Amino acid sequence: MPSAVAIDTKEAKSPVTSKVEKIKADKKDKKEKEKEKKEKKDKKEKKEKKDKKSKKRHSSSDEDSQTAKKTKTSPAEVSIADAKKFYEENSISVTGDDSFMPYLNFSNTPFGSDILQACAKFDKPTPIQAACWPVICANRDVIGIAETGSGKTFAFTLPALNYLKNTFGTKAQKCKKPHVLIVSPTRELAIQTHEQVEAAGKLLGIQSVCLYGGSPKHEQKSMLRNQKPAVIVATPGRLIDLIETDQALDLSDVSFLVLDEADRMLDQGFERDIRKIIGMARQGEQRHTVMFSATWPQTVRKLADDFLIRPVRVSIGSDELAVNERVEQIVEVLDPDRKERRLMELLQKYHKSRKNRILIFALYKKEAARIEATLRRQGYNCVGIHGDKAQAQRLQAIESFRDGSIPLLIATDVAARGLDVPDVEYVINYTFPLTIDEFTHRCGRTARAGKTGVAHTFFTVHDKAHSGELINTLRAANMPVPDNLLKFGTTVKKKQHSAYGAFFKDVDEAAKPTKIVFD
């Protein structure tokens, strides 16, 4: 009996068990089918994506080839003969590596339209740009020797922006630490450079901050915190002050360094500051250094030897400072008491329209203020910039002169270097400067960007110590030398060092010593 009951119980449970197992089996089959279906779907989607990518790649390569066909020239297509002709016509010499072909047209450059929009108003690159761009874009250190007004600001600005775009992409729009540093000798030049960097980097969204003395530090520190710029344009003194005193800036990520007007910075006694700044940036091969200078003195050579790696030197014209050949130079020898009356006569001749830009240079602050007051009394729309005016007033004066709302600017030599204002037709040197170099920089404010201009200079008996240098400058530019200027003599005073005077000996420290053997 017990065994029979057991058998009956087992037989009674079996239909339920089989039903449960069947449900489980159905569920399992369903899951496997769904899994298989999903795998097929995923495979199909992957295949479609792959095909889409392939099509896109092919179409983009087709577009690239079409673009290449449409492009007039490419860097490789600039022949050696064309390059040689270009270098000869523009008196360009390249030392260190002459294998780089110049970018004769904007279409030769590797810059995108978002960067080239800054050059929209120009037909082709200037000689310094054409010669320097291929070298800088090849990540080589560069020394550019060129006259003022040659377009050197864009010579380093566009490659710097291109470097940020290619290396960091959109991350360059906000940076914890700056990657590009441009050091300028004066605040006026720093402000102008900053404006051009800002305009050129607008479409890329790249931020730039300008640091200079004479304006509140707290405002500049606030801009550094809020904007997180990739580019810093600065004068040496304020830059070091913000780093060492305020700890507001860290240069350890600077991998693209520009020293603009290096000769001027060294002449002003900034050599120690410059060396300190370079030491704060990345070192050796990790830093790309670009140096621009109007001249090539021993002090600049020593700096280049110490910090640049296998640099390529691009020189436009002579390594010595010279007045732009497009400037017509007129030197008028006259009695000191006649200068003011003669200035009025010249303005009636040169400033008939009362709209064309004229820059008048005075030697002293009080003299500039007196000329400004005299011209205002005569009804002229003019403004002055000199050391007695606040920074805000000076900036406003430069801006008014630049936009043409005030066409007459009276300036001391504080504005003679780096002041970049388009279409200055005439420069009048009311009082001759203290050095011939300053005279050259003054004359360089006209005839910029390939245009012509006139520099009219008053020369009196008080300036006779400079007659020899001035005569040489006029002859070098094939300009007429007045007979009454020759009467002062042609002797040229020995050039003195800004710090050591006549006792300075210009020695090439890089030269190897000569070994003397005694028998």
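Visitor: Why is glutamate 340 called partly exposed?

Guide: In this predicted model, glutamate 340 has a relative accessible area of 33%. Buried means under 20% and exposed means over 50%, so a residue in between, like glutamate 340, counts as partly exposed.

Visitor: What makes glutamate 340 and arginine 370 a salt bridge?

Guide: The closest N and O atoms of glutamate 340 and arginine 370 are 2.9 Å apart. The cut-off is within 4 Å, so the pair qualifies. Glutamate 340 sits in helix H12 (residues 339-350) and arginine 370 in helix H13 (residues 365-377), so the bridge ties together parts 30 residues apart in sequence. Arginine 370 is partly exposed, at 39% relative accessibility.

Visitor: What about glutamate 195 and arginine 402: how do you know that their side chains meet in a salt bridge?

Guide: The N to O distance there is 3.4 Å, and the limit is within 4 Å, so this counts too. Glutamate 195 belongs to helix H6 (residues 187-200) and arginine 402 to helix H14, so the pair joins parts 207 residues apart in sequence.

Visitor: Which of these words fits arginine 402, buried or exposed?

Guide: Buried: arginine 402 has a relative accessible area of 17%, and the word applies under 20%, so the label holds. Glutamate 195, at 33%, is partly exposed.

Visitor: How do you know that glutamine 391 is buried?

Guide: Glutamine 391 has a relative accessible area of 9%, and under 20% means buried, so that settles it. Glutamine 391 lies in helix H14 (residues 391-403). Leaving out residues up to four places away in sequence, glutamine 391 touches Arg187, Ile191, Tyr212 and Gly214.

Visitor: What makes arginine 442 and aspartate 413 a salt bridge?

Guide: Their side chains meet at 2.7 Å, N to O; with a limit of within 4 Å, the pair therefore passes. Arginine 442 is in helix H15 (residues 436-443), while aspartate 413 is in the loop between strand E12 (408-411) and strand E13 (424-429). Both arginine 442 and aspartate 413 are buried. The structure holds 26 salt bridges, and a network of them links Lys217, Lys221, Asp241 and Asp246.

Visitor: Which residues touch the most other members of the largest nonpolar core?

Guide: Of its 49 residues, these are Leu158, Ile182, Ile206, Val231, Val290 and Val314. A second, separate core has 33 residues, including Leu211 and Ile232.

Visitor: Where is the pLDDT below 50?

Guide: Residues 1-13 are one such stretch, with 0 contacts beyond near neighbours in sequence. Residues 53-76 also stay under 50. Where pLDDT is low, the predicted coordinates should not be read in detail.

Key:
Residues are numbered from 1 along each chain as its sequence is written. This is a predicted model: local features need pLDDT of at least 70, side-chain atom pairs count only at pLDDT 80 or more; totals for chains, interfaces and linings use all residues. Side-chain values use heavy atoms; hydrogens and water are left out. pLDDT is the predictor's confidence in each residue, from 0 to 100. Contact means heavy atoms within 4.5 Å. A nonpolar core is a set of buried Ala, Val, Leu, Ile, Met, Phe, Trp, Tyr and Cys residues joined through side-chain atoms within 4.5 Å. Buried means under 20% relative accessible area, exposed over 50%, partly exposed in between (1.4 Å probe, protein chains only). Helices (H or I, at least four residues) and strands (E, at least two) are DSSP runs, numbered from the N terminus.
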